[in-house]
Amino acid sequence: MTLQSILDEIRKRPGTGEVIPVIDPVTEDQITEFTDCGEEAVNEAVARARAAFESGVWHGLPGRERAKIMWRIADLMDQYADDLAELDSLNTGMPLAQAKMIVPTCAEFFRYYAGWCTKINGTAHEVQMTGGISGAYADMHAYTLKEPYGVVGLIFPWNGPVFNACAKLAPALAAGCSTVVKPAEETPLSALLLDRIITEAGVPDGVVNLLTGYGHTAGAALTAHPDVDKIAFTGSTEVGKQIVQASAGNLKKVMLELGGKSPVLIYDDADLNMAILMASMGIFVHSGQGCVCGSRIFVQRGVYDQVTEGIATVANSLKLGGPKEEGSNIGPLISHKQLTRVMGFIDEGKQDGVEVVTGGHRLDRRGYFIHPTVLTNVDPGMRLYQQEIFGPVVTITPFDDDDEAVAMANDTTYGLAATAWTNNLSRAHRIAKRLQAGTVTLNCQLVFDHSVPFGGYKQSGWGHEFGREGIEAYMQTKSVWAQL
C-alpha cells in the first residue's frame, strides 16, 4: 500500500455529487479530489449494513472469533503504521512525529475492545417481589441480555482522523454492530487505508461500509436514514444539534462528543514551570484544534503576570511548519475556512479592546498558519470568551479565590474538560468536584487511557466513549422473564 495508491483510489470512488478537493493545509495546493458519494450511495451502504447484521455474519460469531479478527486489525495497523501516520500528517498538516505517536494508540483501541468481546453478558436476578396476576413471583426467573444496536452510523471529524475512526469503530465492532463510516470531507485519506486493513483482517463484507462525501449531504442522509439504529458523532455542538433534530424521524439513539471551552486554573502554589509549559501545550498543540484544548486560563492574581509572560514566551518559541520542515512542532489550521473563522474571532476581539500579548496574526507564508495567540483584558461576555474557536488562541484572566475561579470556569455552555494546577491536594480534589466538566485533570493535561471513560457535561455531548462505557454505548439491554 502506497500513498499514491490511496490518492488514486479516492479519485476513482463513484459518486453523484460535487467534486470535492482535498487540500494540503501547509501548501494550499490540491492533493487529490473525489466525488461526493450522493444519497443513493448512503442508501446502498445502509442496506449492506442491514443485510450483514440480519444475517448474523458478525454479531453471530462467538466473541472469541470477533476478538481474533480485531487483534488482526491492530496487528495490521502496526504493520502499516508509517503509512497511516503519513496520510494523516499530509491531510491535516500535523507534525509527522505527532502522527506517528498517535497511530499505535489507535491500534490499541482494537486490542482493548477485543478483550471485551468475551465479556459481554447480562445479569441474572433473584425475583423478590410479590403480587402480580398470579399473586406471587416465587417461581419466576429474570435475566438480562446485552445485544448490539444494529446498524450504526459513525461520523468523525478532521482534527484526528485515524484516532477518531478507531475510537468509534473498535467498540462498535466489539459489540457486534454493523457500521456505516463517514470521515470528514477534508480528511478522507487514512479512512481508505483503514478500510483496506479491516477487509484484510477478515471482517465480513457489509459489516463496515465507507462513505466519502460532505457532511451536509452524505452525513445528513446517514443521520436521517430510517434504517439506521444509532449515530455516533464527534464534531461541533452546532452540528450535534442538527443531528439530534434529524434523528427524530425514527427516534434513533444518538451519541455525541461535541465542542469544548475548557478552563485551566493555575494557583500560586502550583509548580509554575510545569503548569506554564503544559497549559501552553494544552492549547497550542495541533494549533488548538482539539476539543479538550484549554482555551480559557485563569491564574491566581499573585502569579498572574509571571504565568502570562511564561505562556507568551512558550508561544513565541514554537516553530510552525509542515510535516517535512525540520524542527517544526506546530502545524497549520485545517483549511482556509477555519483560518478565516479563527482570525474573525481575533479581529473582533481587537476591535472590542482585547490586549494581544503575542500573536494575533497569520504567518507571512503559504499555508493556513496562525501564530499562537495570547489574549488578556477579555470581557466574559465576548464571543471569543464564550464560543469554541478551535485555533491556537487562549485568554488569560486573573482570579483571587476558589469561588471566583470556579464561577468563571463554569461560566460556559460547554463542559468537556477542565484542569487545576495546585500543590494543595485537598483543594485540588475539592475543585474537581465543583468543576462542571466530564473530565477533570489535576496537575496534568492531555492525558488519556483506553479504559477511562470520556464524555461531556452540558452542551459538550451525550454519552461516553472509551472503557466499559464505550462498548455499552453500542449495546442495548433486554430483560427476559420466565415462569419456572
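These are my notebook entries on two sheets, some helices and one histidine in a predicted model.

**Entry 1: the six-stranded sheet**

I began with the open sheet of 6 strands. I read its order as β7-β6-β5-β8-β9-β20, with mixed pairing. I then looked for the edges. They are β7 (208–210) and β20 (461–462); each has a single partner strand, so one side of each is left without a neighbour in the sheet.

Next I checked individual pairs. Strand β5 (residues 151–155) runs parallel to β6, and 5 bridges join them. For register I noted that Val-151 has Ser-178 of β6 as its bridge partner. Strand β8 (residues 230–234) and strand β9 (residues 253–257) are also a parallel pair, with 5 bridges. There I found Thr-234 opposite Glu-257 in β9.

**Entry 2: burial of β6**

I asked myself which residues of β6 are buried on each side. Ser-178, Val-180 and Lys-182 are buried on one side, and Thr-179 and Val-181 are buried on the other. Both faces are therefore covered. In a regular strand, side chains alternate between the two faces of the sheet. The count for strand β6 (residues 178–182) is 5 of 5 residues buried, so the strand is largely enclosed by the rest of the structure.

I also looked for a helix over this sheet. Helix α8 (residues 215–224) lies across β5, β6 and β8. It runs at about 160 degrees to β6.

**Entry 3: helix α6 and its partner**

I tested the length of helix α6 (residues 161–175). With 15 residues at 1.5 Å a residue, it should span 21 Å. The end C-alpha atoms are 22 Å apart, which agrees. For burial, 14 of the 15 residues of α6 are buried, so α6 is largely enclosed by the rest of the structure. Just after α6, I noted a positive phi of about 100 degrees at Gly-176.

Then I took up the packing against helix α3 (residues 63–79). The axes of α3 and α6 come within 10 Å and cross at roughly 165 degrees. That makes α3 roughly antiparallel to α6, because angles over 145 degrees count as such. I logged the crossing of α3 past α6 as right-handed. On the α3 side, the contact is made by Arg-66, Met-70, Ile-73 and Met-77. On the α6 side, I listed Val-162, Cys-166, Ala-170, Leu-173, Ala-174 and Ala-175.

**Entry 4: the seven-stranded sheet**

I moved on to the open sheet of 7 strands. Its order is β12-β13-β14-β11-β10-β16-β17, and the pairing is mixed. Which strands stand at the edges? They are β12 (355–358) and β17 (439–442); each has a single partner strand, so one side of each is left without a neighbour in the sheet. The twist averages 25 degrees from one strand to the next.

Inside this sheet I checked one pair. Strand β13 (residues 373–376) and strand β14 (residues 393–399) run parallel and are joined by 3 bridges. Thr-373 stands opposite Val-393 in β14. Helix α14 (residues 402–409) lies across β10 (263–266), β11 (296–300) and β14. I noted its angle to β14 as about 150 degrees.

**Entry 5: His-141**

Last, I looked up one residue. His-141 sits in strand β4 (residues 140–148). Its relative accessibility is 29%, so His-141 counts as partly exposed. Leaving out residues up to four places away in sequence, His-141 touches Ala-124, His-125, Val-127, Val-480, Trp-481, Ala-482 and Leu-484. I also took a distance to Ala-47. The two residues are 94 residues apart in sequence and 38 Å apart in space, C-alpha to C-alpha.

Note on methods:
Residues are numbered from 1 along each chain as its sequence is written. This is a predicted model: local features need pLDDT of at least 70, side-chain atom pairs count only at pLDDT 80 or more; totals for chains, interfaces and linings use all residues. Side-chain values use heavy atoms; hydrogens and water are left out. Two strands pair if DSSP finds at least two bridges between them. Helices (H or I, at least four residues) and strands (E, at least two) are DSSP runs, numbered from the N terminus. Axes are lines fitted to C-alpha atoms, for helices over the stretch in contact, and angles run from 0 to 180 degrees between N-to-C directions. Contact means heavy atoms within 4.5 Å. The expected span of a helix is 1.5 Å times one less than its number of residues. Buried means under 20% relative accessible area, exposed over 50%, partly exposed in between (1.4 Å probe, protein chains only). Angles under 35 degrees count as roughly parallel, over 145 as roughly antiparallel, 65 to 115 as roughly perpendicular and the rest as oblique. A crossing is left-handed if the near helix is turned anticlockwise from the far one by less than a right angle, and right-handed if clockwise.
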